[in-house]
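Colleague: I'm new to this, so could you pick one part of the model, take a close look at it, and then work outwards from there?

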Amino acid sequence: MGNIEKITISLRGIKKLYKVGDQEVAALNGIDLDIKEGEFAALMGPSGSGKSTLMNILGCLDRPSVGSYRLDGQEVAHLSDDMLAKTRNQKIGFVFQNFNLLSRISALENVALPLVYAGVDSDEREERAMYFLEQVGLADRADHQPNELSGGQRQRVAIARALVNDPQIIMADEPTGNLDTKSTKEIMEIFQSMHEKGRTIILVTHEPDIAVCASRQLLVRDGVITRDEGKGVVLDVV
Amino acid sequence: MAFTALLANKMRSLLTMLGIIIGVGAVIAMVSVGMGVKSDVVSSISSLGSNMLIVSPGSTDRGGIRGAAGSRTNLKYDDALAIKEKAKNIDFVSPSVSRSYQIVYGNQNWNSSVMGVTPEYMSIRSLEVGTGSFITENDNNKRNRVAVIGSTVATNLFGTSNPVGQNIRVNNQPFKVIGVLESKGQSSMGQDQDDVVIVPLTTAMERLMAMDYVSSVNIQVSDSNKMDQVQEDIEVLLRQRHKIIGGKADDFNVRNMTSLMETMNQTTTMLTILLGSIAGISLVVGGIGIMNIMMVSVTERTREIGIRKALGATFQNIMMQFLIESVVIGVIGGIIGIGIGCGLSMLVGKFGNFTTVITPLPVFVSFSFSVGIGLFFGIYPARKAAKLDPIEALRYE
Ligand SMILES: Nc1ncnc2c1ncn2[C@@H]1O[C@H](COP(=O)(O)OP(=O)(O)OP(=O)(O)O)[C@@H](O)[C@H]1O
Ligand SMILES: [Mg+2]
């Protein structure tokens, strides 16, 4: 992190509107947010407040109905599907609550998948995938299929996959939601060390004791950010 | 990748391929039967000799009642000799007569068709004599009572002993067997070509059948490009000899075997195309099967598609993934279908009393067709997959 902190993510007036029947529901209702390079931001908030919706837009999986989203200085709010796919591939790594690994291929192949779409040749894919599997301590499980791994191990495979194409940002939507305390601790340690290495992390969680690991805590309520705190404050979600 | 997906559902992939397998197999088997019929017809016509013109008497026409073609008695041996002498570009002229008789040897008897021919007949029909010799010009001039018999006649009358030199009786007249023909087997029309007794033309006409006319004259033209010219020359010559003038109808027929062959060729090609297209319908049905399964597969793998898209797969990436899969079904189904089709047509050829001919064309066409069908019927499901919204797809249970 240099002296002049670079702004990686910049949202202005972001709204996401859904039509339900003939009613319009605002899942996001005017979000302004800047996230600097290397920040570890935790998104908190009650169920249905719009955290996942915000994450999807931040992760370029979805487009806002209104507003501007500059990622790395580039406006991405209205890119085509394929351009968004490319952006996801190169700049963003995802970790999901339910792991989202492909069940029919090995852990190693799962980790290598983003590299397939980045056009990396197969030797290098394997090498890089193996390196990141080692980083999450699963080198000896490379040939296992996801259903032969524990929940915690699966999430570590998913993290290795998120890291494999060296993205600037890691987006994690409740990554420990399906895990026990021990695995949760292991996963959070990995996030901590990624943060120490200077990666930008955005993490959605319900649990305050996970959120306190982050360098910044954001509270979302009814589609707007109501609180924005530094490290150490314990936000009352409910 | 496509193979992994197909292997994950072996039974289903196989059932999907079955449509293509049956389609391709049926096309190849059907077309090979059609082509077999065609080659039979062609070979039976060309076994009559290539570049052949056949002159036969016209039908009788008395008081408006037309007799059967060839029932006239006005085509003479002299006509044949005149053609031989005057017409250009011909190799052989072979007049013939034929009638059925009972043939007797010792206490054996056999009904067979007796043909009176000139020595040219041997060349024109590409006959070969197994033992002994064929009738000669001398036999013909002297009206010798000699006969060359086909192998069916030989076995029925003589069993395994050598007929050459023995006397047989035809219509109670003694004929000396001077040769036995090499077997030619069945014609494509199912006639036994070895069930024949050949005697000199003059002997047959004057001593056996008491007729002063011939039943047909076969003419071999030396150059296939001259067929029409020669045919016309012969028609003019015969009209002249038979004193037919002006617009009066010919009292003879000249048939051109080359044009007959063309007609038959067209007919059998039509037959082949018809058989092939009927079988082709099952190929299309097979394609619909592919589409059906691919649709199911896309729905089933919605989540996988969502994951791939989240990781950066573009429209084209997903499209290709599914297209390759359906093309692979087409390719593998096509290959197995070719194997089964060829096997089937060989079985039919061996046990079905059919000639079957496998040519590269239907194999190639039906294979490319099955690949094309995989591609065509894969496009819709693949597009459907590629257009899925990643968030919707990831949420899919
Ligand atoms: N496709 C959609 N159509 C209509 N409404 C939607 C759609 N997606 C989300 N919403 C609505 O947007 C709001 C925010 O949903 P979101 O999933 O972002 O909540 P969340 O904060 O992630 O909740 P949780 O903590 O339970 O995951 C909800 O009221 C939801 O009903
Ligand atoms: Mg959520």
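Modeller: Here is a walk that starts at one helix and then moves on to other parts of the two chains.

Keep in mind that this is a predicted model. Our starting part is helix H6 of chain A, residues 181–196. Let's check its length to begin with. With 16 residues at 1.5 Å a residue, H6(A) should span 22 Å, and its end C-alpha atoms are indeed 22 Å apart, so the two values agree.

Next, which residues of H6(A) are buried? They are Ser183(A), Thr184(A), Ile187(A), Met188(A), Ile190(A), Phe191(A), Met194(A) and His195(A). Looking down the helix axis, you'd find these buried residues within an arc of 150°, so they line one face of H6(A). Why can residues that are spread along a helix share a face? An α-helix has 3.6 residues a turn, so residues three or four places apart point the same way. Turn H6(A) over to its other side and you meet exposed residues: Thr181(A), Lys182(A), Lys185(A) and Glu196(A).

What does the buried face touch? The buried residues of H6(A) pack against strands E3 (40–44), E6 (92–95), E7 (169–173) and E8 (200–204) of chain A. They also pack against two helices of that chain, H5 (151–163) and H7 (208–211). Just past the end of H6(A) sits Gly198(A), with a positive phi of about 95°.

That positive phi makes a handy link to chain B. Most residues other than glycine have a negative phi. Asn171(B) is not a glycine, yet its phi is positive, about 50°. You'll find Asn171(B) in the loop between strands E8 (167–170) and E9 (173–181) of chain B, and at 39% relative accessibility it counts as partly exposed. Lys243(B) is another non-glycine with a positive phi, about 55°. Its loop runs between helix H8 (227–241) and strand E12 (252–256) of chain B, and Lys243(B) counts as exposed, at 69% relative accessibility.

Stay in that loop for a moment, for Asp251(B) lies between H8 and E12 of chain B too. Asp251(B) is buried, with a relative accessible area of 10%. Its side chain has polar contacts with two others: Asn74(B) at 2.7 Å and His242(B) at 2.8 Å.

H8(B) also takes us to salt bridges. Side chains of opposite charge can pair when their charged atoms come close. Asp79(B) and Arg241(B) form such a bridge, with their closest N and O atoms 2.6 Å apart. Asp79(B) is in helix H3 (residues 77–86) of chain B and Arg241(B) in H8 of that chain, so the pair ties together parts 162 residues apart in sequence. Asp79(B) is buried, with a relative accessible area of 3%, while Arg241(B) is partly exposed at 33%.

Chain A has a pair of this kind as well: Lys6(A) and Asp72(A) form a salt bridge, their closest N and O atoms being 3.3 Å apart. These two link distant parts of the chain, 66 residues apart: Lys6(A) comes before strand E1 (7–20), and Asp72(A) is in the loop between strands E4 (66–71) and E5 (74–75) of chain A. Lys6(A) is partly exposed, with a relative accessible area of 39%, and Asp72(A) is partly exposed at 24%. Over all chains, a search of the whole structure finds 26 salt bridges.

Last stop: where the chains meet. Here 18 residues of chain A are in contact with 18 residues of chain B. The two chains bury about 1800 Å² between them, 61% of it on carbon and sulfur atoms. How many salt bridges cross this interface? The rule finds 1, and it joins Arg104(A) to Glu304(B), with the closest N and O atoms 3.8 Å apart. On chain A's side, the elements giving two or more residues are helix H2 (81–91) and helix H3 (107–117). H2(A) gives the largest share of that side, 4 residues. Finally, Arg104(A) and Glu304(B) belong to a network of salt bridges that also links Arg301(B), Arg308(B) and Glu325(B).

Notes:
Residues are numbered from 1 along each chain as its sequence is written. Chains are lettered from A and ligands numbered from 1 in the order in which they are written. This is a predicted model: local features need pLDDT of at least 70, side-chain atom pairs count only at pLDDT 80 or more; totals for chains, interfaces and linings use all residues. Side-chain values use heavy atoms; hydrogens and water are left out. The expected span of a helix is 1.5 Å times one less than its number of residues. Buried means under 20% relative accessible area, exposed over 50%, partly exposed in between (1.4 Å probe, protein chains only). The arc is that of the directions from the helix axis to the C-beta atoms. Contact means heavy atoms within 4.5 Å. Buried area is the accessible area (1.4 Å probe) that two parts lose on being put together, summed over both. A salt bridge is a side-chain nitrogen of Lys or Arg within 4 Å of a carboxyl oxygen of Asp or Glu. A polar contact is a pair of N or O atoms within 3.5 Å; within protein, one must be able to donate a hydrogen and the other to accept it, and residues adjacent in sequence count only if both atoms are side-chain atoms.
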